[in-house]
Amino acid sequence: SLGEMAAGIGHELTQPLNTVLLLARNCIKAMDDPLQNGAMIKENLVAERIAIESYREMIAYLATHDPTTQQMLKAILAVEEEHADDLVSLLAGMKA
């Protein structure tokens, strides 16, 4: 039914968003001592990449069937890709 499909999409959207929220909290803690917490930042980057891949899969699955949700996911994906780039820059700065 339509309700079940909407609930499934809601669940699929919530999972990566919860992951990203946890990553953001971890990064805030890691910034207290970035050199000591480099491993945590690397783990956050891996998890961020997994969330990004989840959004890419949802976008591909929706294709042209739901352009509104697809556009929303593309906007979220762009932000998450930017966050991942920021983590990469942070890690690179720690090595310098």
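Me: What joins the side chains of Asp66 and Thr69, and how should such a feature be read?

Reply: A polar contact is a pair of N or O atoms within 3.5 Å; within protein, one must be able to donate a hydrogen and the other to accept it, and residues adjacent in sequence count only if both atoms are side-chain atoms. Here, the side chains of Asp66 and Thr69 are joined by a polar contact of 2.7 Å. The model is predicted, so local features need pLDDT of at least 70 and side-chain atom pairs count only at pLDDT 80 or more, while totals for chains, interfaces and linings use all residues. Residues are numbered from 1 along each chain as its sequence is written, and side-chain values use heavy atoms, with hydrogens and water left out.

Me: Where is Asp66 placed?

Reply: Helices (H or I, at least four residues) and strands (E, at least two) are DSSP runs, numbered from the N terminus. Asp66 lies in the loop between α2 and α3. Its C-alpha atom is separated by 30 Å from that of Asn44, 22 residues apart from Asp66 along the chain.

Me: Is Asp66 buried, partly exposed or exposed, and why?

Reply: Buried means under 20% relative accessible area, exposed over 50%, and partly exposed in between (1.4 Å probe, protein chains only). Asp66 counts as partly exposed because its relative accessibility is 24%.

Me: How many helices and strands does the protein chain contain?

Reply: The chain has three helices and zero strands, in the order α-α-α from the N terminus on. Along the principal axes, its C-alpha atoms fill a box of roughly 50 × 20 × 15 Å. Of its 96 residues, 30% are buried.

Me: Why does the span of α2 agree with what is expected?

Reply: The expected span of a helix is 1.5 Å times one less than its number of residues. The 25 residues of α2 should therefore span 36 Å, and its end C-alpha atoms are 36 Å apart, which agrees. After α2 comes Ala63, whose phi is positive, near 40 degrees.

Me: Which residues of the largest nonpolar core touch the most other members?

Reply: A nonpolar core is a set of buried Ala, Val, Leu, Ile, Met, Phe, Trp, Tyr and Cys residues joined through side-chain atoms within 4.5 Å. The largest one has 17 residues, and Ile41, Tyr55 and Leu73 touch the most other members. At least two residues of this core come from each of α1 (2-30), α2 (38-62) and α3 (67-95).

Me: With which residues is Tyr55 in contact, leaving aside its neighbours within four places in sequence?

Reply: Contact means heavy atoms within 4.5 Å. With those neighbours set aside, Tyr55 is in contact with Leu13, Pro16, Leu17, Leu73, Ile76, Leu77 and Glu80. Across the chain, 68% of the contacts between residues at least 6 apart in sequence join residues at least 24 apart.

Me: How many salt bridges does a search of the whole structure find?

Reply: Side chains of opposite charge can pair when their charged atoms come close. A salt bridge is a side-chain nitrogen of Lys or Arg within 4 Å of a carboxyl oxygen of Asp or Glu. The search finds two salt bridges. In one, Glu53 pairs with Arg56, and the closest N and O atoms are 3.9 Å apart. Glu53 and Arg56 are separated by about one helical turn because they are three residues apart in helix α2. In another, Glu81 pairs with Arg56, with closest N and O atoms 2.5 Å apart. This pair links distant parts of the chain, 25 residues apart: Glu81 in helix α3 and Arg56 in helix α2. Glu53, Arg56 and Glu81 are thus linked in a network of salt bridges.

Me: Are the residues of this network buried or exposed, beginning with Glu53?

Reply: Glu53 counts as partly exposed, at 36% relative accessibility. Arg56 is likewise partly exposed, at 38%, and Glu81 is partly exposed, with a relative accessible area of 26%.

Me: What is the nearest side chain of opposite charge to Glu80, and how far away is it?

Reply: For this reading, Lys and Arg count as positive and Asp and Glu as negative; His and the chain ends are not counted. Glu80, in helix α3, is buried yet has no salt bridge, and Arg49, the nearest side chain of opposite charge, is 9.6 Å away. Residues up to four places away in sequence aside, Glu80 touches Val20, Glu48, Ile52 and Tyr55. Glu48, in helix α2, is also buried without a salt bridge, with Arg49 as its nearest side chain of opposite charge, 7.7 Å away.
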